[in-house]
Amino acid sequence: MAKDEELIYKLVEEINEAIYSMDSHFIKLHQNLISDELSPKQIILLDFIKKNNQVTIGQIASYMNITSSAVGQLVSKLEEQQYVSRSINPENRREIFVSLDTSGIKYFEREEDIKRFIISRYYSKLELSEIVQLKEVVQKLNQIVLKEGIIHEINDILKKGEI
């Protein structure tokens with residue numbers, strides 16, 4: 001069993017090195033193609049808005065695990081550059097909706113162009129069956145990580161006596 005564990009370790013190291021190398025290349029490519037000067041928090045906020053179309057300040061704060069005041073500051077900076085816009089919820093006037101504005105929409109259009117470029121330049125050199133197999137393996141590993149992560153978190157909570 002120890003031999004298998006060592007082999008698995010070496011294989012996973014090689015996989016991780018290859019993924020890191022690819023990601024580094026893709027990040028450099030992305031930085032050359034995107035001129036936006038956005039911080040990581042601003043990108044996370046924009047991604048959350050894009051995935052959910054229209055969100056509240058409270059939803060963003062909860063998702064990013066920061067205060068509503070901090071979200072307000074992020075949104076204000078992005079609003080100045082027309083990445084996002086705010087509007088009042090007509091059903092609850094105390095609630096503010098945040099959605100993508102013209103610069104935000106253009107940002108994600110460029111993101112889509114970059115994804116398509118990467119796919120056509122690199123992934124298209126694989127056989128379709130290899131891409132399907134890669135997808136299935138990555139999804140399976142992701143499910144294992146998510147399942148084990150949840151079990152680990154539950155065990156930690158139980159050990160602390162929080163439930």
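Colleague: What makes the largest pocket a pocket, and how big is its volume?
Modeller: The largest pocket comes out at about 590 Å³. It has 19 lining residues, and Ile15, Ile19, Met22, Leu134 and Val138 are the closest to its centre. It's called a pocket because of the grid rule: on a 1 Å grid over the protein atoms alone, a pocket is an open set of points with protein on both sides within 12 Å along at least five of seven lines, while a cavity is a set where a 1.4 Å probe fits but cannot get out; a lining residue has an atom within 4 Å of a point. The points are joined across faces, edges and corners, and the volume is the space filled by probe spheres set on them. Bear in mind that this is a predicted model, where local features need pLDDT of at least 70 and side-chain atom pairs pLDDT 80 or more, while totals for chains, interfaces and linings use all residues. Residues are numbered from 1 along each chain as its sequence is written, and side-chain values use heavy atoms, leaving out hydrogens and water.

Colleague: Which helices supply the lining of the largest pocket, and how does that lining divide by class?
Modeller: α1 (2–33) and α6 (128–160) each give at least two residues; helices here are DSSP runs of H or I with at least four residues, strands are E runs of at least two, and both are numbered from the N terminus. By class, the lining has 15 nonpolar, one polar and three charged residues. Nonpolar covers Ala, Val, Leu, Ile, Met, Phe, Trp, Tyr, Cys and Pro, charged covers Asp, Glu, Lys and Arg, and the others, Gly among them, are polar.

Colleague: And what is the second largest pocket made of?
Modeller: Its volume is about 260 Å³, and its lining is His30, Ile43, Asp47, Lys50, Lys51, Tyr107, Phe108, Glu111, Glu112 and Lys115. That divides into three nonpolar, one polar and six charged residues. α2 (40–52) and α5 each supply at least two of them, with α5 giving the most, five residues.

Colleague: Glu111 is one of those lining residues. How do you know whether Glu111 has a salt bridge?
Modeller: Glu111, in helix α5 (residues 102–121), is buried and has no salt bridge; the nearest side chain of opposite charge, Lys115, is 5.9 Å away. Lys and Arg count as positive, Asp and Glu as negative, with His and the chain ends not counted. A salt bridge needs a side-chain nitrogen of Lys or Arg within 4 Å of a carboxyl oxygen of Asp or Glu, so Lys115 at 5.9 Å doesn't qualify. Leaving aside residues up to four places away in sequence, Glu111 touches His30 and Ile34, where contact means heavy atoms within 4.5 Å.

Colleague: How many salt bridges does that rule give?
Modeller: Two. One joins Arg86 and Glu79, whose closest N and O atoms are 3.0 Å apart. The other joins Arg116 and Glu112 at 3.1 Å, N to O. Arg116 and Glu112 are four residues apart in helix α5, so about one helical turn separates them.

Colleague: Why is Arg116 called exposed, and what is Glu112 called?
Modeller: Buried means under 20% relative accessible area, exposed over 50%, and partly exposed in between (1.4 Å probe, protein chains only). Arg116 is at 54%, so it is exposed, whereas Glu112, at 32%, counts as partly exposed. In the other pair, Arg86 is partly exposed at 32%, and so is Glu79 at 30%.

Colleague: What makes Ser99 buried, and which residues does Ser99 touch?
Modeller: Ser99 has a relative accessible area of 16%, so it goes down as buried. It sits in strand β3 (residues 96–100) and touches Ile49, Asn53, Tyr83, Val84 and Ser85, not counting residues up to four places away in sequence.

Colleague: What is notable about the phi of Asn53?
Modeller: Most residues other than glycine have a negative phi. Phi of Asn53 is near 65°, a positive value. Asn53 lies in the loop between α2 and β1 (54–56), and at 60% relative accessible area it is exposed. Asn65 also has a positive phi, near 60°; that residue is in the loop between α3 (57–64) and α4 and counts as exposed at 71%.
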